[in-house]
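Biologist: Could you walk me through how to read the features of a model like this one? I would like the general idea and then the case at hand.

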Amino acid sequence: MIGAIIGDVVGSRFEWNNHLSKDFDLFVPDCRCTDDSIMSIAVAKALLESKPDFSDLNEQAVRWLREIGRRYPDGWYSRRFKAWLMSENPQPYEANTNGAAMRVSACAYAARSLEEAKKLSRAVTEITHNHPEGIKGAEAVTVAVYMAKNGSSMADIRAEIDAHYYPMDFTLDGIRASYAFDYTCEGSVPQAFMAFFESNSLEDAIRNAISIGGDSDTIAAIAGAMAAPYYGVPETLRIATIAYMDEGMKEILTAFEQRFLPI
């Protein structure tokens, strides 16, 4: 999960000021945690508070996404998601946007099987993003993170994603000049996958993601979520990122890692 937060923080200053190159400083004062980090933390809290069999995860996700989301009102939420946060009777709203995919990485760490990972992903996604593309985007990312943390090769992860989620026949170099800002899962999640597939480290995956422009913080968060379990997380990146988190976020991250990522 820390990989998603690293990608979000690094990419945050580029969302409205795209940088079509891999050459940039990773961390500067303008970096921050956005909705990608906040909602990743909220999903982690929901998993922590759920029953051992996660049978109440749907309800816990509604509670904690709303409670934690309201703590950070300047989190760069979409208009529809912010309305859901503030609603007296929150209902899913057929979203196919990449907010579904950026927040689910914790599900892969809590799951005890690939099938359970898919179920957890759906439970935390369908409460808002109940469009088929939103559910698919979230599941694809969860599957990749689960496979990476369990030692699957890059080739096997790509084969799974190509076969069941997003067949990809492009390269980052091939789309960099023409790729446009796209909030949808189908228009940004495959690009995040390619940033991971063309990478040689966690840092390189994040640099790849930012280099194509578009919704930079979210694409980098998704790529970072997949790259972190695959390559490992350098302590320098972890320490630099945690400096942008407040005590409440750090407390949830620590509790989640202690339970689901035992050393």
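Modeller: We will go through helices, backbone angles, aromatic rings, charged pairs and the surface in turn. Keep in mind that this is a predicted model.

Biologist: Let's begin with helices. How many ångströms should helix α3 span, and what is the distance between its end C-alpha atoms?

Modeller: The expected span is 1.5 Å times one less than the number of residues. Helix α3, residues 57-71, has 15 residues and so should span 21 Å, and its end C-alpha atoms are 21 Å apart, which agrees. You can repeat the exercise on helix α13, residues 216-231: its 16 residues should span 22 Å, and the end C-alpha atoms are 21 Å apart, again in agreement.

Biologist: Which residues of α3 are buried, and what covers them?

Modeller: The buried ones are Leu57, Gln60, Ala61, Trp64, Leu65, Arg66, Ile68 and Gly69. Their cover includes α2, α4 (79-86), α7 (114-125) and α15 (247-260). Helix α13 is mostly covered, with 14 of its 16 residues buried.

Biologist: Can we zoom in on a single buried residue? What is Thr142 in contact with beyond its sequence neighbours?

Modeller: Thr142 sits in helix α8, residues 132-149. This threonine counts as buried because its relative accessibility is 0%, where the cut-off for buried is under 20%. Leaving aside neighbours within four places in sequence, Thr142 is in contact with Val104, Cys107, Ala108, Ala117 and Ser121.

Biologist: Now the backbone. Which sign of phi should I expect?

Modeller: Most residues other than glycine have a negative phi. Here, Phe54 has a positive phi of about 60° although it is not a glycine. Phe54 lies in the loop between α2 and α3, and at 10% relative accessibility it counts as buried. Trp76 also has a positive phi, near 65°, without being a glycine. Its place is the loop between α3 and α4. For a glycine with a positive phi, look just after α13, where Gly232 has a value of about 90°.

Biologist: On to aromatic rings. How many pairs does a search of the whole structure find?

Modeller: The search finds 13 aromatic pairs. One of them is Phe81 with Trp84, a stacked pair at 5.5 Å centre to centre with 20° between the planes. The general idea to bring along is that an α-helix has 3.6 residues a turn, so residues three or four places apart point the same way. Phe81 and Trp84 are 3 residues apart in helix α4, so about one helical turn separates them. Phe81 is buried at 6% relative accessible area, and Trp84 is buried at 3%.

For another geometry, take Phe181 and Tyr183: they form an edge-to-face pair, 4.9 Å centre to centre, with 75° between the planes. Phe181 is partly exposed at 33%, and Tyr183 is partly exposed at 40%. There is also an aromatic cluster made of Tyr166, Phe193, Phe196, Phe197, Tyr230 and Tyr231.

Biologist: How do I read the charged side chains?

Modeller: Side chains of opposite charge can pair when their charged atoms come close. The structure holds 13 salt bridges. Among them is Glu49 with Lys45, at 3.0 Å from N to O. Both lie in helix α2, 4 residues apart, about one turn of the helix. Glu49 is partly exposed at 34%, whereas Lys45 is buried at 18%.

Biologist: Where else does that spacing appear, and what is the closest N to O distance for Glu203 and Arg207?

Modeller: Glu203 and Arg207 are both in helix α12, residues 202-211, 4 residues apart. Their closest N and O atoms are 2.9 Å apart. Glu203 is partly exposed at 32%, and Arg207 counts as buried at 14%. Another salt bridge joins Arg122 and Glu126 at 3.3 Å. Back in the numbering, Arg63, Glu67 and Arg71 are linked in a network of salt bridges.

Biologist: Last, the surface. Which residues form a nonpolar patch there?

Modeller: Trp16, Trp76, Phe181 and Tyr183 do, with about 450 Å² of accessible area together. Trp16 lies in the loop between α1 (2-11) and α2 (35-49) and is exposed at 62% relative accessible area. Trp76, which we met for its positive phi, is partly exposed at 32%.

Conventions: Residues numbered from 1 in each chain as written. Predicted model: local features only at pLDDT ≥ 70, side-chain atom pairs only at ≥ 80, totals over all residues. Heavy atoms only, no water. Patch = residues over 30% accessible without salt bridge, like charges linked within 9 Å, V, L, I, M, F, W, Y side chains within 5 Å. Areas by Shrake-Rupley, 256 points an atom, 1.4 Å probe, with all protein chains shown as cover. Salt bridge = Lys/Arg side-chain N within 4 Å of Asp/Glu carboxyl O. Helix = DSSP H or I, 4+ residues; strand = E, 2+ residues; numbered from the N terminus. Buried < 20%, exposed > 50% of the residue type's maximum accessible area, 1.4 Å probe, protein only. Contact = heavy atoms within 4.5 Å. Phe/Tyr/Trp six-rings, centres within 6.5 Å; stacked < 30°, edge-to-face > 60°.
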